[in-house]
Amino acid sequence: MSDAVLSTHGLRKSFGALLATDGVSLDLRPGEIHAVIGPNGAGKSTLIAQICGSLVPDAGQVRLDGIDVTAASPAQRARRGLARTFQVSALAMEDSVLENVTLGATGRAGGGYGLLRRALGRGDRHDRALAAIDRVGLGGVADMPAAALSHGQRRLLEVAIALSLAPRAFVMDEPMAGLGGEGSADLTLLLDALRTEAPILLVEHDMDAVFALADRISVLVAGRVIASGRVDEVRADRQVRRAYLGDL
Amino acid sequence: MSAILLIEQVLNGLQFGVMLFLMAAGLTLIFGVMGLINLAHGSLYMVGAFAAAFAAAATGSFALALVAALSAAALAGVLIEVAVIRRLYDAPHLDQVLATFALILMFSEGTRWVFGSFPLYLDIPDALSGPVTLPGGIQYPLYRLALIGVGLVVAAGLWWLTQRTRLGMQIRAGKDDREMIAALGVDISKLYTLVFALGAALAGLAGALVGAIQSVQVGMGEPVLILAFVTIVIGGIGSIKGAFIGALLVGLTDTLGGIFLPLVLSVAMAPEAAAQTGAALASMLIYILMGAVLVWKPTGLFGGARPA
Amino acid sequence: MIPERLVTIGAVAGLLAVALGAWALGEIFTITLATRAAILALAATGLNIALGYGGLVSLGHAAFFGLGGYAMGILAFHAQSYTPLELGALTIEGTKSMPVIWLVAICVSALAAWVIGLLSLRTGGVYFIMITLAFGQMFYYFAISWSAYGGEDGLPIYLRNSFPGVDTLVPVQFFGLCFAALVLALLLSARLRSAPLGLALNAARQSPARVAAVGISPTRVKLVAFVISGAITGLAGALYADLNRFVSPAMFSWQLSGELIVLVILGGVGRLAGPVIGACLFVTLEHWLGGLTDFWHVWLGAILLGVVLFARGGIVGLLTGKAGPHV
């Protein structure tokens with residue numbers, strides 16, 4: 001546990017009578033992909049919001065590199081190296097791919113408020129942005145506005161921005177959402193390679209991708225982690241089969 | 001500082017507050033249901049006042065003047081809703097601000113064109129003129145007391161309308177879920193026109209009622225509009241209850257502050273300096289109140305979660 | 001269609017050409033009109049940073065315009081009446097020196113923008129509009145009730161303030177000063193747009209969550225932009241007061257805030273040349289329509305309504321054939 005890059009401890013959040021997350025404890029270790037699965041309404045989105053800082057938990061802790069970041073804002077967490085992708089693409093649609101990714105490379109370094117230098121052009125931020133764009137295969141459309149990209153390209157742009165942060169940990173919220181078979185196969189290959197850059201906490205509905213990628217799986221049902229372990233352990237878990245996988 | 005002065009000023013503050021409520025209720029209803037920020041609401045207030053002054057001069061009847069104010073403002077409301085406002089419901093706030101700003105320019109200059117630049121006067125009806133003696137021997141103008149009464153009746157009526165009637169149910173449902181209400185077979189477009197006309201009529205009523213104690217002139221609506229904005233920011237945008245509490249707070253703060261701040265300051269300062277500083281500070285009081293509420297509760301006293 | 005850079009250069013050069021042409025022909029009044037256009041363009045350039053880049057619909061920019069104006073009025077008033085300004089224990093001499101007045105105007109309006117921004121950015125959207133409008137009105141009433149500096153009647157300044165090496169009483173020289181300030185503001189505005197702050201501001205308008213997710217606080221970015229925006233509009237206020245040699249509460253009026261937004265929209269929101277073209281158009285309309293009818297605001301309203309409903313990009317949008325940023 002001590003070598004975990006990212007961990008949550010007893011995260012609890014309720015909305016009125018609804019307990020959305022009920023004492024969730026997870027950890028993410030170097031080099032791994034840890035998938036979180038669960039049926040709709042299990043509390044996955046609420047969990048991600050608490051990990052990334054857009055929701056404040058009622059109780060519990062989030063730690064990044066061993067440091068308690070529970071009270072930190074989303075921006076502060078990102079500067080500490082937490083890179084997230086959004087389930088519904090959150091991009092500056094009028095801006096080009098390069099501008100979107102440069103923003104990431106700039107923000108991590110705390111340089112987002114600068115007035116004196118140019119944002120685009122030469123420099124290591126520019127190089128880092130270009131490298132991230134090439135890595136996800138968007139090199140050919142770097143100057144296109146995000147609004148002109150296809151849905152699949154926008155999913156890749158989300159990943160490129162996260163990558164440009166040179167993160168300590170990725171948190172990916174359904175990166176495969178809305179992708180066809182070919183698209184999700186390509187993205188699966190990409191994510192597989194990314195785990196060496198930083199470990200990935202992967203919330204995903206696409207079970208093929210999850211079983212292909214995950215080193216560990218945690219199953220979230222009604223706000224609780226009902227099972228957690230290696231892929232084959234979770235697959236065999238009777239409780240999981242009953243509660244979630246049903247008759248699969 | 002006597003108790004009589006205090007009570008008089010509290011009544012003045014209440015009177016100012018309930019008139020503000022008539023404006024703020026329409027604004028907050030229109031924003032709550034249709035998501036529209038309407039700068040031209042002050043123009044509807046002015047339309048009501050001019051219609052009342054015109055009708056009173058023609059017929060000599062204050063009751064007919066009020067009918068004229070209500071119908072003219074409601075008609076103007078329906079007209080601009082159908083011609084302009086309707087296109088703005090899904091538009092960005094900037095478009096709403098600009099288009100309704102354009103409407104102000106056209107209403108103001110149009111009114112100047114028709115009625116000229118000189119103020120009109122609307123007389124208090126004979127039956128309501130003169131002072132009345134309240135318990136405790138306080139003399140207070142009957143008309144202002146009647147305004148407080150009208151304001152409270154309208155507030156109660158609005159509460160009944162939104163909480164107890166079918167139309168109110170539709171309004172509340174339309175606020176939460178447009179598609180849902182449309183799926184239930186309610187003509188959403190008619191509902192919106194109706195809500196807009198209701199808000200306009202309330203503004204027109206306020207304009208006519210206040211027009212009898214102030215002069216009726218072009219540009220009279222905007223200072224009231226801005227105070228109504230302060231009111232609903234304090235109360236929470238979209239909440240009728242918030243508009244009511246906010247209006248009373250603003251009315252009382254403004255009235256009492258203007259009278260008592262110079263008096264309080266004169267304890268520590270020379271009389272002339274106290275009067276000057278007091279007046280200047282009193283003019284800022286309601287905005288300071290607004291700032292304080294924002295620090296404490298960013299979405300107002302009765303506002304929901306963060307606005308979208 | 002014309003590239004945007006060319007439109008910008010053309011607009012700025014056009015304004016200069018009108019003033020120089022009028023000077024050559026001895027048309028003093030036209031120089032004054034051009035000066036008025038340059039100052040309004042400067043104020044709108046400030047607003048454009050908040051409105052066009054940041055999507056912050058401020059209906060209270062007259063607050064900064066008026067503060068700049070009163071900074072000039074108060075300093076010059078004390079200089080011309082040879083009485084120092086007593087602020088508690090602090091005694092400040094009045095001044096007729098433009099550079100000092102400008103600096104004070106910029107600092108005072110930046111400070112006000114910081115406070116107003118801090119409060120109004122706690123929420124967003126329609127709250128922001130109403131709160132900025134309300135604070136503008138607060139300054140308006142404050143100016144009216146502050147009788148030491150003229151109250152409702154305003155404050156006349158008998159002689160235009162001075163600038164080293166320039167005879168500010170000569171209309172074309174004063175135009176030169178205002179024009180130089182405008183060009184500087186445009187350069188700053190262009191610089192800001194291409195700097196990291198501008199990139200972040202632009203993205204924060206489109207998706208605040210995205211900006212936060214890469215480690216930049218969207219609120220802080222907007223606040224910085226709002227302060228810069230207010231400071232530039234404040235400088236314009238000081239120049240405007242010097243043009244008229246008069247300050248009055250009208251500089252704080254909500255109509256002026258509305259008109260500044262109108263300038264930006266007519267020209268093209270979020271475009272460098274937008275405020276310049278908008279201001280020139282506004283001053284021309286005001287002069288021309290105002291000469292035809294006393295009720296020219298009706299026509300301004302109609303034009304504005306047409307632009308909002310049918311031509312979102314304003315003049316720059318029409319010239320470049322490209323829709324600008326969506327605010």
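**Exercise 1. State how much area chains A and C bury between them, and which residues supply the most on the chain A side.**

Solution. Chain A and chain C bury about 2,500 Å² between them. Buried area is the accessible area (1.4 Å probe) that two parts lose on being put together, summed over both. Carbon and sulfur atoms carry 61% of it. Next, take the chain A side. Leu103(A), Tyr113(A) and Leu115(A) supply 29% of the area that chain A buries against chain C, more than any other three residues. Then count residues. The contact (heavy atoms within 4.5 Å) takes 34 residues from chain A and 27 residues from chain C.

A note on the model: it is predicted, so local features need pLDDT of at least 70 and side-chain atom pairs count only at pLDDT 80 or more, while totals for chains, interfaces and linings use all residues. Residues are numbered from 1 along each chain as its sequence is written, chains are lettered from A and ligands numbered from 1 in the order in which they are written, and side-chain values use heavy atoms, with hydrogens and water left out.

**Exercise 2. Find which pair of chains has the most contacts, and describe that interface.**

Solution. Two pairs of chains touch, and the most contacts are between chains B and C. Chain A and chain B do not touch; their nearest C-alpha atoms are 12 Å apart. Now describe the B and C interface. It takes 46 residues from chain C and 45 residues from chain B. These two chains bury about 4,400 Å² between them, 81% of it on carbon and sulfur atoms. Tyr127(C), Met130(C) and Phe295(C) supply 16% of the area that chain C buries against chain B, more than any other three residues.

**Exercise 3. Count the salt bridges over all chains and at each interface.**

Solution. Start with the rule: a side-chain nitrogen of Lys or Arg lies within 4 Å of a carboxyl oxygen of Asp or Glu. Over all chains the count is 19 salt bridges. Between chain A and chain C there are two. One salt bridge joins Arg210(C) to Glu158(A), with the closest N and O atoms 3.1 Å apart. Across the interface of chain C and chain B there are zero.

**Exercise 4. Describe how H3(C) packs on H9(C).**

Solution. Two packed helices are described by the angle between their axes and the distance between the axes. Helices are DSSP runs (H or I, at least four residues), numbered from the N terminus. Axes are lines fitted to C-alpha atoms over the stretch in contact, and angles run from 0 to 180 degrees between N-to-C directions. Helix H3 (residues 62–80) of chain C and helix H9 (residues 218–244) of chain C pack at about 45°, with their axes 6 Å apart. H3(C) and H9(C) are therefore oblique to each other. Angles under 35 degrees count as roughly parallel, over 145 as roughly antiparallel, 65 to 115 as roughly perpendicular and the rest as oblique. Finally, look at the residues. Gly68(C) and Gly69(C) are among those in H3(C), and Gly230(C), Gly234(C) and Gly237(C) among those in H9(C), that make the contact.

**Exercise 5. Describe how H2(C) packs on H10(C).**

Solution. Helix H2 (residues 28–53) of chain C and helix H10 (residues 254–267) of chain C pack at about 80°, with their axes 9 Å apart. H2(C) and H10(C) are therefore roughly perpendicular to each other. The residues that meet include Leu40(C) and Leu47(C) in H2(C), and Leu260(C) and Val264(C) in H10(C).

Methods. Helix = DSSP H or I, 4+ residues; strand = E, 2+ residues; numbered from the N terminus.
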